[in-house]
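Biologist: Before we begin, could you put the model on the screen, so that we can go through it together step by step?

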Amino acid sequence: MKLRRLLTLIVALLAVLPAAYGASSWEEVDRLPGPPVEQHAEALQDDAFTMVADGYVYIAVRQRTTVKIFTILGQLIVQDTLQPGIYRYKLSTRGIYLLKLGAATRRVTV
């Protein structure tokens with residue numbers, strides 16, 4: 001009986017965990033924050049560019065890319081396939097996250 005309650009509690013917590021970290025999906029934006037995009041030009045020549053500002057994770061992708069964000073403990077927060085463009089995702093909880101862009105994995109700190 002106690003095990004069943006514990007399992008029910010764990011499943012309930014896992015269902016609401018992504019909502020505790022921020023928005024439910026990536027938001028497309030016109031530009032990266034900060035200096036004009038020309039100053040990011042060298043970095044934007046890569047297939048994907050990432051940066052963190054004001055609690056958001058920003059990414060710029062040049063081709064269709066699968067993007068996943070995990071907590072440092074491996075809990076999946078969000079997974080989407082994005083078209084070329086610039087996107088941001090709000091993380092309301094500060095910490096270290098793992099950002100997987102296609103086959104590449106990067107660590108981001110909010």
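**A strand and its partners**

Modeller: In this predicted model, 5 of the 6 residues of strand S6 are buried, so S6 is largely enclosed by the rest of the structure.

Biologist: In what order do the strands of the open sheet lie, and which are the edge strands?

Modeller: Strands of a sheet pair through backbone hydrogen bonds, either parallel or antiparallel. Here 4 strands form an open sheet in the order S1-S6-S3-S2, with antiparallel pairing. Each edge strand pairs on one side only, and the two edge strands are S1 (27-29) and S2 (48-53).

Biologist: Which residue of S6 is the bridge partner of Ile 59?

Modeller: Strand S3, residues 56-61, runs antiparallel to S6 and is joined to it by 6 bridges. On the other pairing, 3 bridges join S1 to S6, which covers residues 85-90, and there Glu 28 has Tyr 87 as its bridge partner. For Ile 59, the bridge partner in S6 is likewise Tyr 87.

Biologist: With which residue does Glu 27 form a salt bridge?

Modeller: Side chains of opposite charge can pair when their charged atoms come close. Glu 27, which is partly exposed with a relative accessible area of 38%, stands opposite Arg 88 in S6. The closest N and O atoms of the salt bridge are 3.0 Å apart, within the 4 Å that the definition allows, and the partner of Glu 27 is Arg 88.

Biologist: How many residues apart in sequence are the parts that this pair ties together?

Modeller: A search of the whole structure finds 1 salt bridge. Glu 27 belongs to strand S1 and Arg 88 to strand S6, so the pair ties together parts whose separation in sequence is 61 residues.

Notes
Residues numbered from 1 in each chain as written. Predicted model: local features only at pLDDT ≥ 70, side-chain atom pairs only at ≥ 80, totals over all residues. Heavy atoms only, no water. Pairing = 2+ DSSP bridges. Salt bridge = Lys/Arg side-chain N within 4 Å of Asp/Glu carboxyl O. Buried < 20%, exposed > 50% of the residue type's maximum accessible area, 1.4 Å probe, protein only.
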